[in-house]
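User: Hi! I'm new to reading protein structures and would like to learn feature by feature. Could you walk me through one?

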Amino acid sequence: MKGLLAWVSRQPFLTGLALAVLAFWGVYGALHMPVDLFPNLNVPLVNVITQVPGAAPQDVELLVTRPMEDQLRGIQGVTRVASSSFVGLSVVTAQFDWSISLPQARQLVTSAMAQAQSRLPRGTVPRVAMAGTALQEVVRYVVVGGEDSVSLRRTVQYELASRLMGVPGVSSVDVLGGDQRAFVVHAKPGALAALHLTLQDLLLVLRANNITEEGGTLERSSKEYLIRGDARLETPEDIRALPLKTPDGQTVLLGSVARVDDWRVPKHYVVEGNGVPGVAFSVLKQPGADTLAVARGVDSSLGELKDLFPPGTVVLKVYDQSEMLGQARSEILHDLLLGALLAVMVLSFFMGSLRPALVVAATLPLTLLATMGFMAAFHQSFNMITMSALALGVGMFVDDAIVVAENVDRHRRLGKDGMQASVDGAFEIAGPDASGSFTVVAAFLPLVLITGLAGVFLRPFGLTMSAGLLISLFISLTFIPLAFSRLKDTGGGSRGWGARALEHLNASQQRALAWAFEHRGRVLLGAGLAMALALLSLLGIKGAALLPPIDEGAILIEYRMPHGTALPEMRRVGGLLTDKALKEPDVETVYLRIGAPAGSLVMDPINRGELLIKLRRKGREHTVDQVMASLRKSYSTIGGAVILYHQPTQENMDESFSGLPALFGVTIYGPDLEELKTLAARVEKILEKDPDMGGVVNPTLYGAPEVIVRVKYPELGLYGVTAAEVLDAVRASRLGVEATQIVRQREVVRVLVRLDQASGTDETSLDALAQVPVRSEAGGVIPLSKVADIQVAYTPATLTRLNGQREVTLIADLKGVGPGTVSRLSRAFKAVPLPKGYSIGLAGQYKVLLRTAAEVGMVILMAVVLIYLVMLVQFRSFGEPLVILMNVPVALLGGLLALVVTRQDLDVSVAMGMLTLVGISVNNGIVLLEYAGRSARTGLGKREALLHAASVRLRPVLMTALTTLFALAPAAITTPLGSRVFQPFAITVLGGLFTCTLSTLLLVPVLAMGRFRRGEG
């Protein structure tokens, strides 16, 4: 090893070339790595949607949902199957184990759907409507003003969306809102009855006269011509001119029995931007695509496509994931640069000269660039997790260089020349230095085995940190000896402030250690009491969440009203919410959506609305939490609506990971709907009484009102009417029956047939529905009431099931869930008397958090075992590694105590910090005890050896600790308006590093002294 170090120091060209290759590789990787919000969060989640027109929820559940559930639950790897049965719609969600990729999950579900087809009613075709998480949505806009809603929708859907699909990285563009063109045929009941015609006659003639046919070929002058018959309808005039044949053989024009209007498809949902009706479109990116590049590409394309819209059109941006990501990246880069500057100042302070500090600092960009090359090779991305690892690396990636440089400098102060000091100093410290780096890497090694959500977040972090640490070790043993061998003066002999400060600290430490060696019992008792008090203080941590609170610059407001609330009332309440939001000084845009069109990816009923509120990007004075608090106060005056508050990305993650759009929920399982409704009312009262709960949503509180038209079969035969004719008449009286479609270039125009209501008729009354005309076999017109009973009933709006059991889930609006809250609610739920076959359980992300916490605990335990094995190989002793491992609980308690003081919650960011502390807490202890052992072998007594090692290793211990502390300080102290994902992580590491550094300098020598005494005896 010593010969290799000497050879490297004498080969500046080859060593420099190798380092340059690493740097250029890193530059290439950095330029080609995508930028994303989080690591690949494509949850293996597949939704299957089946349309069952006209079927009640109970029928949908029985005929479609349960057969589909049974088929999906039999697929290997499925962990959760949830379903919702609405009126005419079945939605079944299958979530797979994380080991199965999303494409594999789609393929397995598609195969299961084909097998289940034979068990479904004829004509029902299930389809995969959405898969993975909703985090692929990059930007959302709403276009308002300018022209009529039909032209606006046509421009966005057929012109704008198709051009945006050409932006690299875009997977789809979803369009909502506006109006779609339709030719509406208003049939006149009296005219039809006079000619003995029916709605079926109109439908048949429209379908028969909107066709194209091939008529063979025609050969002329050695050329062949295709004969194509074109009988497609194009205009309302074409429809009016269609011939109708009456039963008595007459021919009349369709226009004589119906009025044909160029109008719109009936719509039962609302899309608005800043209170104005508009057309919204969302741009989704391909998996692995660069979020920033996609957002920039879309914005650039919109700027080029402004000519598509007429004057007066306004394009409002209502969501932009890249803004949050860009701001978070800027903040982390700012913290990284500031931390690097502070680290250089620390190095210069303790080394007494700027030149050696700059040499050590030069290893940092080399290490960071090479690490980025490894990241690109392992298909990683720049995201909140990997950028946090790089920011931590600013302090940690120079540790190896500091240890080697400090030891080389110490050898130079012993009188050796530059080359000899570099080789001897590097060789002496290479073993302990490598062991320390391997122990930190060993802490991240168990992440290879971890699965689930914790693995998704922690694996990229561990991979980035491990690569950086190994690269920093390589650079410290090559570049540092090479550079220091050519430095004429390292400043080691100077008497700067750093040297004087070290002398005072060294003297104080020596006195403290001498006293501690004489009073070991008191020291250990005091350390034990301090750790016990620290454990008690952890009760101050009350909150837990998957991720730290993220200021996304956007707020998602969901409001729910009783089932059956009319669209005008929903729109009135939505207008009030919009107006109050626009009065907030930091609000820029408000997007309102109520309900959703049939067949879209959104599956909200009409009693649910949402507001997506975009805050100002520049000049914003308040955080998202402050704006949300102001809205809560403002919205408290609006009665009749349950309002839930989220942020868009957080809500998407909640729903993807747990199936609920909330952190916390309570699920009641059981077979009978009425019993579930009773139990849900009791659970609702318990939740409303709890001080940590608010905005409780009980889905069973109101039934959905329906008007049921039940055909009377005896009367059908009496009047000579078929059931299809009766139901067609009902549909034609309101929505209209689709007869055919007219395709114009890329626009599809639907042709709808409606019954023309008599003037003065109140279409909203049941009497008007009872009087809907139905033609009898005799040719006369009879009212609908003659052949059908019309009743009002209240039925369940939605039937939900989970893993084959019928269930009802109540959700609540709250921030975080603490152990006290959960235990308090669990006791209250156990007191609820439950019939046989019923149970109550907690739902939402809380269960995901419990699983994640268990997996993180397992990883920490495995890391401790691996670190112990690494130290066992180095020390060839069982005792010294155990002494060094005492730093681990000290560091973890210090990190948790820092969270208590700063009032942070537990989350994945904290877990990353804890895992980091497991590795770095033992690093300095290894170097200190290894040097003490080497000193003891030279003839020093155990006490003198430990005192000497503590004195010699004081400077590198302080330098490595302070560079990391100063590197993380900007992120821990600042509280920006943007993302705070890195802040809890930085606070955790800072707290743990502080306590474990004190432990290394004081507690570890005391424990080691006790170990040596036993060895002597």
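User: Let's begin with Phe461 and Phe985: are they buried or exposed?

Analyst: Happy to help, and please keep in mind that this is a predicted model. Phe461 is buried, and Phe985 is buried too. A residue counts as buried when its relative accessible area is under 20%.

User: How do I describe a pair of aromatic rings?

Analyst: The general idea is that you give the distance of the ring centres and the angle of the planes. Across the whole structure, a search finds four aromatic pairs. One of them is formed by Tyr141 and Phe281: the centres are 5.3 Å apart and the planes stand at 15°, so this pair is stacked. Tyr141 belongs to strand β5 and Phe281 to strand β14, and the two residues are 140 apart in the chain. Tyr141 and Phe281 are both buried.

User: And what is the geometry of Phe461 and Phe985?

Analyst: For Phe461 and Phe985 the centres are 5.4 Å apart and the planes are at 75°, so that pair is edge-to-face. Here, too, distant parts of the chain are linked: Phe461 sits in helix α15 and Phe985 in helix α34, 524 residues apart. Ring pairs also bring in Phe444, making a cluster of Phe444, Phe461 and Phe985.

User: Which charged residues lie over the face of a ring, for example over Tyr269 and Tyr645?

Analyst: Over the face of Tyr269 you find Lys267, at 5.5 Å from the ring centre. Over the face of Tyr645 lies Arg632, at 4.3 Å from the ring centre.

User: Now strands, please. How should I think about their side chains?

Analyst: In a regular strand, side chains alternate between the two faces of the sheet. A good strand to look at is β17, residues 587–594, where seven of the eight residues are buried.

User: Which strands pair with β17?

Analyst: Strand β13 (residues 270–273) pairs with β17 in the antiparallel sense, over four bridges. In that pairing, Val271 stands opposite Arg593 of β17. Strand β18 (residues 608–615) also runs antiparallel to β17, and seven bridges join the two. There, Val587 stands opposite Leu615 of β18.

User: What about salt bridges? How many does the structure hold?

Analyst: The general idea is that side chains of opposite charge can pair when their charged atoms come close. This structure holds 27 salt bridges. One of them joins Glu61 and Arg801, with the closest N and O atoms 3.7 Å apart. Glu61 is in helix α3 and Arg801 in strand β27, so the pair ties together parts that are 740 residues apart in sequence. Both Glu61 and Arg801 are buried. They also belong to a network of salt bridges that links Glu61, Glu69, Arg801 and Arg806.

User: Could you show me a salt bridge on the strands we just discussed?

Analyst: Look at Lys614 and Glu588, whose closest N and O atoms are 3.4 Å apart. Lys614 is in strand β18 and Glu588 in strand β17, 26 residues apart. Lys614 counts as buried at 3% relative accessibility, whereas Glu588 is partly exposed at 34%.

Another example is the bridge between Arg824 and Asp690, at 2.8 Å from N to O. Arg824 lies in helix α26 and Asp690 in the loop between α22 and β21, 134 residues apart. Arg824 is partly exposed at 31% relative accessibility, while Asp690 is buried at 6%.

User: Which residues form a nonpolar patch on the surface?

Analyst: Phe13, Leu14, Leu17 and Val21 do, with about 420 Å² of accessible area together. Leu14 lies in helix α2, residues 12–32. With a relative accessible area of 41%, Leu14 is partly exposed.

User: Last one: which residues other than glycine have a positive phi?

Analyst: Two examples will help you here. His379 has a phi near 60°, and its place is in the loop between α11 and α12. At 74% relative accessibility, His379 counts as exposed. Asn803 has a positive phi of about 50° and is found in the loop between β27 and β28. Asn803 is partly exposed, with a relative accessible area of 33%.

Key: Residues numbered from 1 in each chain as written. Predicted model: local features only at pLDDT ≥ 70, side-chain atom pairs only at ≥ 80, totals over all residues. Heavy atoms only, no water. Phe/Tyr/Trp six-rings, centres within 6.5 Å; stacked < 30°, edge-to-face > 60°. Buried < 20%, exposed > 50% of the residue type's maximum accessible area, 1.4 Å probe, protein only. Lys NZ or Arg CZ within 6 Å of the ring centre and 35° of its normal. Pairing = 2+ DSSP bridges. Patch = residues over 30% accessible without salt bridge, like charges linked within 9 Å, V, L, I, M, F, W, Y side chains within 5 Å. Areas by Shrake-Rupley, 256 points an atom, 1.4 Å probe, with all protein chains shown as cover. Salt bridge = Lys/Arg side-chain N within 4 Å of Asp/Glu carboxyl O.
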